[in-house]
Amino acid sequence: MKNMKKALIMAIGGAALMGAAGAQAASISQVGSNPFTFVGSTVLNQTGLPSITCTLSLTGNVTSGGGAVTVDVTSGSVSGGFGCSAVELEFPWTATTTTAAAAGEDTAVTFDGVIVYTTLFGKQYCGSSSGNSVDAVFNNGSVALNAAASQFSFNTNVGSNCTVNGTLTGQNFPTQDVDLLP
């Protein structure tokens, strides 16, 4: 009986560890196919310049494999009012995560290789001209899979001299959507 209790405790402990290890992997639930486009209003602040409110559009591919989800942003544009045509972007940007929050909750991601600059008064880079790491938050948009458009939110620094704030929402919902799964 004593050995059976030990075996049962070990089996439960092993199952719990396996479950914890499985929770560390991330995958996707996808409606439609790549590329995905996210669009929204953002505010760019660059030291020495007035704030610029623009529409930011980012397009790229979302892939899953080996317990990781990778977002490769391959193109984008900035449009809108005064100053928006002076904001330039260079690509690619890449974010990879091996963890995902429960549906409807935020998952932190970091985009690497982000290059942003303005041309209002000559070429002025946000941070490094060779690429920056920029934090973002991904949200599935709903607790039910593919039930609402997914979003990326930015409220972060781009280098040491710029900030970006805004939320980009997945376009073409409900025919196209991608959700992170833990």
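A disulfide is taken here as a pair of cysteine sulfur atoms within 2.5 Å. The structure is a predicted model, in which local features need pLDDT of at least 70, side-chain atom pairs count only at pLDDT 80 or more, and totals for chains, interfaces and linings use all residues. Residues are numbered from 1 along each chain as its sequence is written, and side-chain values use heavy atoms, with hydrogens and water left out.

By the sulfur criterion, the count comes to two disulfides. Cys54 is bonded to Cys84, with an S to S distance of 2.1 Å. The link of Cys54 and Cys84 is left-handed, at -100° about the S-S bond. Cys54 lies in strand S3 and Cys84 in the loop between strand S4 (68–80) and strand S5 (87–90), so this disulfide ties together parts that are 30 residues apart in sequence. Strands (E, at least two residues) and helices (H or I, at least four) are DSSP runs, numbered from the N terminus. Both Cys54 and Cys84 are buried. Buried denotes under 20% relative accessible area, exposed over 50%, and partly exposed in between, with a 1.4 Å probe and protein chains only.

The other disulfide joins Cys126 to Cys162, again with S to S 2.1 Å. Its S-S torsion is about -75°, so the link of Cys126 and Cys162 is left-handed. Cys126 sits in the loop between strand S8 (124–125) and strand S9 (132–139), and Cys162 in strand S11; the two are 36 residues apart. Cys126 and Cys162 are both buried. With bonded cysteines counted along the chain, the disulfide pattern is 1-2, 3-4.

In soluble globular proteins, nonpolar side chains tend to be buried together. The largest nonpolar core in this model holds 36 residues. Such a core is a set of buried Ala, Val, Leu, Ile, Met, Phe, Trp, Tyr and Cys residues joined through side-chain atoms within 4.5 Å. Leu58, Trp93, Phe111, Val116, Phe152 and Phe154 touch the most other members. Strand S3 (residues 52–65) supplies the largest share of this core, five residues.

Aromatic rings were also examined. Rings of Phe, Tyr and Trp (its six-membered ring) pair if their centres lie within 6.5 Å; planes under 30 degrees apart count as stacked, over 60 as edge-to-face and the rest as tilted. Six aromatic pairs result. The ring centres of Phe91 and Trp93 are 4.9 Å apart and the planes are at 35°, so this pair is tilted. Trp93 is buried, at 5% relative accessibility. Phe91 is partly exposed, at 25%. Ring pairs also link Phe38, Phe111, Phe138, Phe152 and Phe154 into a cluster.

Members of this cluster recur in the strand pairing. Two strands pair if DSSP finds at least two bridges between them. Strand S7 (residues 106–118) runs antiparallel to S9, and seven bridges join them. Phe111 has Val134 as its bridge partner in S9. S9 also pairs with strand S10 (residues 151–158), in the antiparallel sense, over three bridges. There, Phe138 stands opposite Phe152.

Contacts (heavy atoms within 4.5 Å) place Phe152 among several segments. Beyond four places in sequence, Phe152 touches Phe38, Val71, Val109, Phe111, Ala136, Val137, Phe138, Gly166, Thr167 and Leu168. Thr167 belongs to strand S11 (residues 162–170). Thr167 is partly exposed, with a relative accessible area of 31%. Outside its four-place neighbourhood, Thr167 contacts Val39, Gly40, Ser41, Gln151, Phe152 and Ser153. The side chains of Thr167 and Ser153 form a polar contact of 3.2 Å. A polar contact is a pair of N or O atoms within 3.5 Å; within protein, one must be able to donate a hydrogen and the other to accept it, and residues adjacent in sequence count only if both atoms are side-chain atoms. The C-alpha atoms of Thr167 and Val137 are separated by 9.2 Å, across 30 residues of chain.

Two loop residues make side-chain to backbone contacts. Asn140 is in the loop between S9 and S10. Asn140 is buried, at 3% relative accessibility. Its side chain reaches the backbone nitrogen of Leu180 at 2.9 Å. Contacts of Asn140 beyond four places in sequence include Ala103, Gly104, Ala148 and Asp179. Gln176 lies in the loop between S11 and strand S12 (177–181). Gln176 is also buried, at 12%. A polar atom of the Gln176 side chain lies 2.8 Å from the backbone oxygen of Pro35. Among the residues that Gln176 touches beyond four places in sequence are Val31, Gly32, Ser33 and Phe36.
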